Amino acid sequence: MKRLLLPLAALALSIFTGCTTVPETGRRQVIITNEATETQMGLEAFAAVKKETPVLNDAKVQARIERIGRRVADAVGRSLPNAQWEFVVFNDDKTVNAFALPGGKVGVYTGLIKLASSDDEIAIVMGHEVAHVTSRHGGERASQTTLAQGGAALVGALSENSEYKNAFNTAYGLAAQGLVLLPFSRLHESEADNVGLRFAAGAGYDPRAAAAFWKKMQAKSEGKEQWKWISTHPPTAERIANLEQLATGLMPIYEEAKKKYQ
Ligand SMILES: [Zn+2]
């Protein structure tokens, strides 16, 4: 009986203590990981991507992406102690994609940069990725994966029992791999669209560029399976309509912020 109670108590405790809120939307989320661990996972996953895909050897393009990314991250407007922002361009024209990892690591592929026709369009993508980080979507997804592995894995997070610890580490390892490979849920995607567009507008980038960019993605992606961004970020009509509506409401923020950068 005791053996059963301990995991159950730990489960209840971790869910209780793991309740946080996304400040920009007020959405409650269950996160059983801590930010330091998420950051560590993010760093490991980022190092793995760097091994797999060459970083673009073009200081000018890298500086442009860095400048836009930092401006958008500055517009978050609250402190993120664990975010060490880094914006890296990966040299792969066939991959029209971008991704974000806990700890503030953002990767953009040259395929996406070539499709974007302005800084505003790049900023929309940056805003979306930065929002995944600030909303702790990686940690939330890792938590969901860990919870799905069952109570034993969970207890490992809280106990020194090696059997549980191993189960937890296995689940965590799987979650770490998933950080880059798995698409986010629709809920996370629409939250990142919503919050990210506010960041981009707050950084003085035109929010109307979002719908324009997604329409272009939709038109050009037909029949092209290698467009990984499409599989993790489907450009649906619903998404485009949502972004159009959000952009209208964000125009005053954009007009005001734009003055700072003129
Ligand atoms: Zn996304």
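What share of the contacts in the chain with a separation of 6 or more is accounted for by residues 24 or more positions apart? In this predicted model, where local features need pLDDT of at least 70, side-chain atom pairs count only at pLDDT 80 or more, and totals for chains, interfaces and linings use all residues, that share is 72%, a contact being heavy atoms within 4.5 Å. Residues are numbered from 1 along each chain as its sequence is written, and side-chain values use heavy atoms, with hydrogens and water left out.

The chain contains 12 helices and five strands, taken as DSSP runs (H or I, at least four residues, for helices; E, at least two, for strands) and numbered from the N terminus. Of its 262 residues, 50% are buried, that is, under 20% relative accessible area with a 1.4 Å probe, protein chains only.

The largest nonpolar core (buried Ala, Val, Leu, Ile, Met, Phe, Trp, Tyr and Cys residues joined through side-chain atoms within 4.5 Å) comprises 47 residues. Helix H5 (residues 119-134) supplies the largest share of this core, eight residues. Among the residues with the most contacts inside the core are Phe87 and Met126. Not counting residues up to four places away in sequence, Phe87 touches Met126 and Val130, as well as others including Ile65 and Val106.

Helix H5 also meets helix H9 (residues 186-202), their axes, lines fitted to C-alpha atoms over the stretch in contact, coming within 7 Å and crossing at roughly 120°. Residues of H5 in this contact include Ala123 and Val130, and those of H9 include Ala192 and Phe199.

Definitions and conventions. Axes fitted to C-alpha atoms, helices over the stretch in contact; angles between N-to-C directions.
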